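User: Please take me through the terms used to describe this structure. For each one, I should like to see the value set against its definition.

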Amino acid sequence: MKGISASGKKVIERSLDKLFDGAAYGLLGPFGRGKSILFTSKSPNLTLAHLFVQAMRNREPNLSERDLLKGLLGTSLNYITALRDRTKASVIDRLDGAIRTGTGKLTTNEFKKIVREEMEKSRKHLQMIAESETTKVRNHGAAMDILKVGESIGAKDPVCYFVVVHDDKTCKYCIKNHLRDDELTPKVFRFSEIKHSYLSTVERKAGDVSTHGQHPHCRCTLVMLSPGFGFKDGRVTYIGMGHDELASQRSADQQGAQP
Ligand SMILES: [Zn+2]
């Protein structure tokens with residue numbers, strides 16, 4: 001009972017390495033190949049590093065911001081590498097099993113079918129990684145900008161909110177946790193109240209918010225609310241000198257909670 005040959009295994013592994021290397025390069029640029037991060041805004045500017053700088057409104061990142069980005073990209077790369085290894089294992093495992101149970105040989109069509117099925121699963125995962133890592137990096141860049149702007153106006157713990165993309169794909173937690181009960185007005189938070197990790201189901205249900213978004217595929221963007229500003233029909237509006245949107249939302253919530 002023979003399985004897949006060692007040389008066949010190598011060929012498959014090598015082609016998957018190449019495929020995932022391309023995916024990592026597309027998302028992470030040279031960092032995906034173990035090189036240093038490129039901070040230029042030259043095209044193609046679709047890598048995570050560029051999105052981070054863009055979200056900082058194209059300010060040159062300082063040393064600690066570069067460190068943060070490096071850490072974020074490192075995690076993204078780990079997700080891709082883990083998916084690559086898992087895909088290798090499952091493709092080889094399935095081919096091996098099919099060879100052993102059959103006549104000891106696979107037709108080209110049988111081979112193609114197995115590889116196609118496994119690659120389709122992997123492609124979906126990769127897309128999910130790309131989307132969630134994009135939200136994460138974009139919102140971390142925005143967070144760096146918020147802290148910087150906050151500092152310049154003397155706000156150590158700035159007030160922020162999430163801009164929610166409204167369409168048929170918007171999830172209920174984005175609406176519940178990022179918007180008020182009218183499902184239109186953004187909820188405001190202190191910067192220190194925002195988490196910096198992927199939320200668990202328990203955290204999501206408890207109404208927590210995070211720079212990673214509410215869930216994979218989350219498209220909500222973190223933004224700072226300047227003092228004096230609030231919302232009208234869900235849009236940011238200047239209310240008046242001394243207006244404190246956070247205090248006004250929280251006191252409305254407390255009154256609403258009273259019997
Ligand atoms: Zn969202």
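Analyst: In the hairpin of β4 and β5, 2 residues lie between the strands, and Asp 233 adopts a positive phi near 50°. The model is a predicted one, in which local features need pLDDT of at least 70 and side-chain atom pairs count only at pLDDT 80 or more, whereas totals for chains, interfaces and linings use all residues. Residues are numbered from 1 along each chain as its sequence is written, and side-chain values use heavy atoms, with hydrogens and water left out.

User: What makes β4 and β5 a pair of strands?

Analyst: Strands are DSSP runs of E with at least two residues, helices are runs of H or I with at least four, and both are numbered from the N terminus. Two strands pair if DSSP finds at least two bridges between them. Strand β4 (residues 229-232) and β5 are joined by 4 bridges in the antiparallel sense, so the criterion is met. Within this pair, Phe 229 stands opposite Tyr 238 in β5.

User: Arg 235 belongs to strand β5 (residues 235-238). Why is Arg 235 called buried or exposed?

Analyst: Buried means under 20% relative accessible area, exposed means over 50%, and partly exposed lies in between (1.4 Å probe, protein chains only). Arg 235 has 64% relative accessibility and therefore counts as exposed. Between Arg 235 and Lys 121 there are 40 Å in space, C-alpha to C-alpha, and the two are 114 residues apart in sequence.

User: How is Thr 47 classed, buried or exposed, and why?

Analyst: Thr 47 counts as buried because its relative accessibility is 10%. This residue sits in the loop between α1 (6-28) and α2. Contact means heavy atoms within 4.5 Å; not counting residues up to four places away in sequence, Thr 47 touches Gly 26, Leu 27, Leu 28 and Gly 29.

User: Which term describes how α2 and α3 lie to each other, and why?

Analyst: Two packed helices are described by the angle between their axes and the distance between the axes. The axes are lines fitted to C-alpha atoms, for helices over the stretch in contact, and the angles run from 0 to 180 degrees between N-to-C directions. Angles under 35 degrees count as roughly parallel, over 145 as roughly antiparallel, 65 to 115 as roughly perpendicular and the rest as oblique. Helix α2 (residues 48-55) packs on helix α3 (residues 63-101) at about 140°, with the axes 10 Å apart. The two helices are therefore oblique to each other. Residues in this contact include Leu 48, Ala 49 and Phe 52 of α2, and Leu 68, Leu 69 and Leu 72 of α3.

User: What is the handedness of the crossing of α2 and α3?

Analyst: A crossing is left-handed if the near helix is turned anticlockwise from the far one by less than a right angle, and right-handed if clockwise. The crossing of α2 and α3 is right-handed, and α2 also passes α4 in a right-handed crossing.

User: Which term applies to α2 and α4, and why?

Analyst: Their axes are 7 Å apart and form an angle of about 30°, so α2 and α4 are roughly parallel to each other. Among the residues that meet are Leu 51 and Ala 55 in α2, and Val 137, Gly 141 and Met 144 in α4.

User: How do α1 and α3 lie to each other, and why?

Analyst: The axes of α1 and α3 cross at roughly 155° and come within 10 Å. That angle makes α1 roughly antiparallel to α3. The contact involves, among others, Ile 12, Leu 16 and Phe 20 of α1, and Ile 80, Leu 83 and Val 91 of α3.

User: What is the strand order of the open sheet, and which strands are at its edges?

Analyst: The sheet has 3 strands in the order β2-β1-β3, with antiparallel pairing. β2 (189-190) and β3 (221-224) each pair on one side only, which makes them the edge strands. Strand β1 (residues 159-163) is joined to β2 by 2 bridges and to β3 by 4 bridges. Cys 160 stands opposite Phe 189 in β2 and opposite Met 224 in β3. Along β3, Leu 222 and Met 224 point to one face and are buried, while Thr 221 and Val 223 point to the other and are not. Helix α4 (residues 108-152) lies across β1 and β3, at about 5° to β3.

User: What are the protein donors of the zinc ion?

Analyst: Donors are N, O and S atoms within 2.8 Å of the metal (3.2 Å for Na, K and Ca); water is not among the atoms, so sites may look incomplete. The SG atoms of Cys 174, Cys 218 and Cys 220 lie 2.2 to 2.3 Å from the zinc ion, and therefore satisfy the cut-off. Their spacing along the chain is C-x43-C-x1-C, and both Cys 218 and Cys 220 are buried.
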